[in-house]
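Please examine the sequence and the three-dimensional structure shown below. The explanation that follows moves between single residues and the whole chain.

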Amino acid sequence: MALITSSSDRNLRVAVDVGGTFTDVCIFDSRASTTRVAKVPSTPHDPMEAVVEGVRSAGVDLADVALFSHGTTVATNALITRNFPAAALVTTRGFRDVLEIRDGTKDELWDAYSDVGTPYIRRRDRYEVAERIDYAGEVITPLDEAGAREVARLLRRKQIQTVAVCFMNSYVNRAHEQRMREILEEELPGVSVSTSSEILPEIFEYDRASTTVANAVLAPLVSGYVNRLEAQLRVDGYDGDLLLLHSGGGSMTPAMVERYPVRLAASGIAAGAIAVADIANRCGYPNAIGLDMGGTSTDISLVYDGEIRTTKQWQVEYGFPISFPSIEVLTIGAGGGSLAWIDEAGSLRNGPTSAGAAPGPACYGWGGTEPTNTDANLVLGRLGSSLVGGGLSLDSEAAEKAIGRVIADRLDVDTDTAASNIIQVANANMADAVRLLSIRRGYDPRDFVLVVCGGAGALHGAALAKELNIPTVVVPPHPGITSAQGCLLVDIRHDLSAMFQGLVTDIDTAELEREFVRLEREGLQRLEHEGVPADRMVLDRSISMRYAGQWRSLTVTAGGSGDDFLAEAVERFHEEHERDYSFRRDDTPVEIYQIGLRAIGTTPKPQFPQNTVPSTEAPVPSTHRSVFFDEIGERVATPVYDRDDLRFGALIEGPAIISQLDSTTVVPPSTTAVIDEWANIRINISQESK
């Protein structure tokens with residue numbers, strides 16, 4: 001079986017992204033250089049049903065597919081719902097409660113009644129074994145193998161399916177954890193075991209334990225889902241490997257997912273950020289803010305100088321960190337299905353609760369009765385009478401009733417005003433989130449382009465750009481399936497790390513090189529395990545540094561193995577520190593904290609067509625409808641264009657509406673929109689409108 005197929009007789013690349021409301025399918029035909037899309041309602045009870053239905057509804061013959069890529073929310077949803085299999089933790093005697101002691105922080109610092117949730121593994125399922133290794137890796141207390149076997153027998157009686165093993169200081173000497181794994185596998189045939197020395201060989205036992213526990217509780221669920229999906233794709237004719245997008249912006253095969261399922265915990269949200277970076281790059285913008293607004297939430301990402309911002313630590317639920325590199329995405333509860341409501345003080349609120357796929361917004365007619373952003377956009381005339389190319393009819397009367405009953409009557413305003421206020425609150429929430437990811441990090445939004453995607457992003461993009469003084473909005477050709485498109489753009493990728501501490505002036509560069517070579521060997525083994533050909537393997541080194549005496553570190557690229565690579569890395573560290581924290585101390589000793597490696601297996605990327613001859617024909621609207629705009633304060637007859645009819649060079653003066661299968665774009669008054677050579681809509685926000 002080939003991991004990557006480039007045979008000319010297989011011309012299709014398929015990507016599927018599962019969202020909270022819809023499952024999106026993107027099909028790229030490499031022979032014709034065309035893209036087509038499909039959307040089907042998500043099936044929360046079993047996401048695989050929507051994946052298979054979406055592919056079938058798109059009329060794809062899987063025998064023609066060279067690459068199948070998938071962004072999944074299975075891991076994310078499992079951590080949110082805590083629907084875990086029977087799991088246990090085995091740790092060093094005296095450290096049973098590390099998961100509850102945590103690091104002493106809390107989300108609501110001054111709220112004495114706001115508690116962090118309970119650990120993923122209950123205390124009665126956490127067991128201790130006598131062993132001890134010191135900070136240098138020397139054995140102080142040998143592993144009590146008799147005690148280890150007794151723990152294993154207890155776990156067998158409790159029918160434990162998956163076990164996390166996290167011993168103190170195992171990151172410098174993994175011998176005890178490896179032996180514990182062997183004992184567990186001997187006593188519990190078929191058990192899934194996650195050891196912290198394999199999952200995250202790093203200092204700080206709480207972060208290491210939390211990440212290992214998350215990996216353990218997800219292992220049976222994720223591997224089960226992946227194996228079922230892979231088997232179904234085989235039945236339907238696909239004989240390549242299923243590629244699954246992980247949080248770091250790369251992908252893994254099912255063989256590696258079984259070992260590192262926790263890497264899929266932010267699978268879906270990473271895809272949108274990858275697509276945003278690609279779209280901005282093709283348009284010539286090195287700096288971009290991504291706004292991916294779906295039915296349930298909005299994901300905000302940032303690209304600076306062509307690079308997507310990443311983070312080393314993140315979490316699905318506060319208090320349970322996952323310490324794998326991840327694309328930094330800020331997610332807020334603002335989507336098309338976000339509910340509008342009045343709080344106890346009589347103020348209008350928006351989200352974070354969502355109507356989701358079921359029962360959905362009131363206008364869907366699926367049983368929802370509460371007003372949502374989709375209902376508000378429909379009432380304002382910004383949405384037409386149907387979605388998904390006529391596959392979903394919208395009930396404007398139901399939307400008006402919901403907004404009137406819940407919002408307008410309570411605020412004593414008319415329905416249009418209430419609907420407008422709902423959208424304004426949603427936009428304010430998103431603008432605040434963008435400020436958190438940009439201005440508070442030292443980035444000026446005026447230096448960025450706003451790339452909007454998701455089914456609802458283009459409805460709100462221009463208004464948000466006005467709020468933030470962003471000069472240009474880019475709406476890609478298929479905004480509703482941008483996350484699925486992002487799945488087509490990723491490579492196989494593994495992130496490895498090792499502790500390596502010491503002042504730069506005292507570092508033995510030969511020893512540092514040996515550690516990098518060791519990581520490179522492991523990275524190559526992983527890529528070989530996934531079937532990546534040698535000519536498609538790429539290794540990128542990095543070093544985490546900090547000023548001597550600091551706690552937190554910054555990661556910079558390590559360049560290579562030449563004589564000056566360390567000095568160059570130090571200079572990059574000073575520059576990054578100044579940009580992130582507004583100061584640098586060139587005379588302060590710099591300390592290496594950790595080294596890292598990205599092992600990449602490159603995959604063929606789709607080559608999107610670029611138009612070269614602009615159209616000379618003026619765009620003709622397909623219809624007109626009455627639309628309410630805040631800038632005017634009333635409804636105006638607004639031209640509605642079919643996006644399929646718009647060609648390169650077409651210029652549209654706002655106000656206007658542009659509709660298509662997977663999204664609707666609002667071009668407000670005092671703005672202009674043009675179709676560029678990549679078939680994007682670029683909305684120019686005039687200075688007068690700011």
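**A guided reading of the structure**

N469 has a relative accessibility of 28%, so this residue counts as partly exposed. Partly exposed is the class between buried, under 20%, and exposed, over 50%. The model in which N469 is found is a predicted one. The residue sits in the loop between helix α13 (457–468) and strand β24 (472–475). Its backbone deserves attention, for N469 has a positive phi of about 60 degrees although it is not a glycine.

A second residue can be described in the same terms. F204, which is not a glycine either, has a positive phi of about 75 degrees. The loop that holds F204 runs between α6 (196–199) and α7 (205–235). With a relative accessibility of 33%, F204 counts as partly exposed.

From these two loops, the reader may turn to the chain as a whole. The protein chain contains 16 helices and 35 strands. Its radius of gyration is 26 Å, and the globule rule gives a value close to this, 26 Å, for 690 residues; the chain is therefore as compact as a globular protein of that length. Along the principal axes, the C-alpha atoms fill a box of roughly 80 × 55 × 55 Å.

How much of the chain is buried? Buried residues account for 56% of the 690 residues. The area that the protein chain exposes is about 28,200 Å², and 47% of it is supplied by carbon and sulfur atoms. Contacts can also be sorted by the distance along the sequence between the partners. Among contacts in the chain with a separation of 6 or more, 67% are between residues 24 or more positions apart. As for charge, the protein chain has 63 positive and 96 negative charges, and the mean positions of these two sets are 4 Å apart.

A271 gives an example of a buried residue with partners elsewhere in the sequence. This residue is found in helix α9 (residues 267–282). Its relative accessible area is 0%, so A271 is buried. When neighbours within four places in sequence are left aside, A271 is in contact with L245, T482, S483, G486 and C487. One of these partners, S483, is 212 residues from A271 along the chain, and the C-alpha atoms of the two are separated by 4.8 Å.

Two further helix residues may be set beside A271. S57 belongs to helix α1 (residues 47–57), and at 43% relative accessibility it counts as partly exposed. Apart from residues up to four places away in sequence, S57 touches A38 and V40. S57 and A38 are 19 residues apart in sequence, and their C-alpha atoms are 7.2 Å apart in space. H529 lies in helix α15 (residues 509–529). At 47% relative accessibility, H529 also counts as partly exposed. Which residues does H529 touch, not counting those up to four places away in sequence? The residues concerned are A255 and M256. By contrast with these contacts, a separation in space can be given for H529 and R179: they are 350 residues apart in sequence and 23 Å apart from C-alpha to C-alpha.

The aromatic rings provide another view of the fold. The count of aromatic pairs comes to ten. Why is the pair of F84 and Y120 classed as edge-to-face? The ring centres of F84 and Y120 are 5.3 Å apart and the ring planes stand at 75 degrees, so the pair is edge-to-face; the cut-off for this class is an angle over 60 degrees. The pair links distant parts of the chain, with F84 in the loop between α2 (74–81) and β5 (87–92), and Y120, 36 residues away, in the loop between α3 (98–101) and β6 (126–129). Both F84 and Y120 are buried. Ring pairs also bring in F320, which forms a cluster with F84 and Y120.

Finally, the backbone contains cis peptide bonds that the reader can locate. The peptide bond from G351 to P352 is cis, and its omega is near 0 degrees. P352 has its place in strand β20 (residues 348–354). Another cis peptide bond leads from G654 to P655, with omega near 10 degrees. P655 is found in the loop between β31 (651–653) and β32 (656–659).

Technical notes: Residues numbered from 1 in each chain as written. Predicted model: local features only at pLDDT ≥ 70, side-chain atom pairs only at ≥ 80, totals over all residues. Heavy atoms only, no water. Helix = DSSP H or I, 4+ residues; strand = E, 2+ residues; numbered from the N terminus. Rg over C-alpha atoms; globule rule 2.2 N^0.38 Å. Buried < 20%, exposed > 50% of the residue type's maximum accessible area, 1.4 Å probe, protein only. Contact = heavy atoms within 4.5 Å. Areas by Shrake-Rupley, 256 points an atom, 1.4 Å probe, with all protein chains shown as cover. Lys, Arg positive; Asp, Glu negative; His and termini not counted. Charge placed at Lys NZ, Arg CZ, Asp CG, Glu CD. Phe/Tyr/Trp six-rings, centres within 6.5 Å; stacked < 30°, edge-to-face > 60°.
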